[in-house]
Amino acid sequence: MTLQLEPDVAFGMHPDYGVAAAVADARPFLDEVVRKHHFRYSEYLDVYLLADDTPHNTAVRTVARATREFQDAGLSVAADPRIMIPPPVPTPDGVAARATRPGQSDTALTGELHELRRAEDVSEVLGEILDEHHGVVLDLEEFIDTAADWCERLDTPNGHELGLHLRNIAHHVAFLGDQFVGAQLELAVMPDVTPENAPPLAEVPLPGRQEWLRVTHTARAHAAMASSPNRPANAPKPQDEPAPRLQATPTAPSRTR
């Protein structure tokens, strides 16, 4: 088997211009695909670049889609892992920016749990999602607070209401984090009782997850009619909208869930 020493396409991070793509010479198909995914050729650098204002998540998805298309065509692709590292989160003046570093995804941590046998190890993995610098719990709380700030900037009644609702959700996330900390501490001191000959969790069928009740048609209708930040609450109704009927309707029998 002949091994290719150079890939057909390579994606990387340029320190000044962001995500870049380099393709093999004299291959029109390669140029066509990278242009299709919004890369633009730079004669100065002799590589293709995404626009400077491309959001990080959009850039990651763009590289993934282009890679998949190249691989489906039987071409080899190389990608720099640093493309996955998100930019620093903005912080107020005088507050040190939180350093970004590549971390394990929640999916990877869940998979790791399936291979563990000691309570102490499970506690350590649980600590990954509670970490002050890159834990998912604090990240989620910060994300929701930022979304609440955005809603309040609309300076509308609906925006302020939604901002309060999001902050309430952030409060619940913080409470959930406290519960996780308690579980982590209990795991850290829990004696190991798993027999040495017990099969790993990956080989044990897990119980089915609880199925939530489906959203009813009435709930969907209320959600569709609810006001949003993009539609003022006092927006005029269309002139041709029929007036509501005044006739009584039969009362539906009460239901219990």
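**A tour of the sheet and its helices**

Start with the strands: an open sheet of 5 strands, in the order 3-4-2-1-5, with mixed pairing. Keep in mind that this model is predicted.

Select residues 40-42 and 77-79. These are strand 3 and strand 5, the edges of the sheet. Each has a single partner strand, so one side of each is left without a neighbour in the sheet. Now look across the strands. From one strand to the next, the twist averages 30°.

Move to strand 2, residues 18-23, and strand 4, residues 47-49. They run antiparallel and are joined by 2 bridges. Pick Ala21. Its bridge partner in strand 4 is Tyr48.

Next, select residues 28-36 for helix 1. This helix packs on the sheet, where it touches strand 1 (9-14), strand 2, strand 3 and strand 4. The direction of helix 1 makes about 160° with that of strand 2.

Then take helix 2, residues 56-72. Helix 2 also packs on the sheet, touching strand 1, strand 2 and strand 5. Its direction makes about 165° with that of strand 1.

Leave the sheet and go to helix 6, residues 157-189. Put a distance between its end C-alpha atoms: they are 49 Å apart. The helix has 33 residues, and at 1.5 Å a residue these should span 48 Å, so the two values agree.

Stay on helix 6 and colour its buried residues: Asn158, Gly159, Gly163, Leu166, Ala170, Val173, Gly177 and Leu187. What covers them? Show helix 4 (119-130) and helix 5 (136-152), which are included in that cover.

Key:
Residues numbered from 1 in each chain as written. Predicted model: local features only at pLDDT ≥ 70, side-chain atom pairs only at ≥ 80, totals over all residues. Heavy atoms only, no water. Pairing = 2+ DSSP bridges. Helix = DSSP H or I, 4+ residues; strand = E, 2+ residues; numbered from the N terminus. Axes fitted to C-alpha atoms, helices over the stretch in contact; angles between N-to-C directions. Contact = heavy atoms within 4.5 Å. Expected span 1.5 Å × (residues − 1). Buried < 20%, exposed > 50% of the residue type's maximum accessible area, 1.4 Å probe, protein only.
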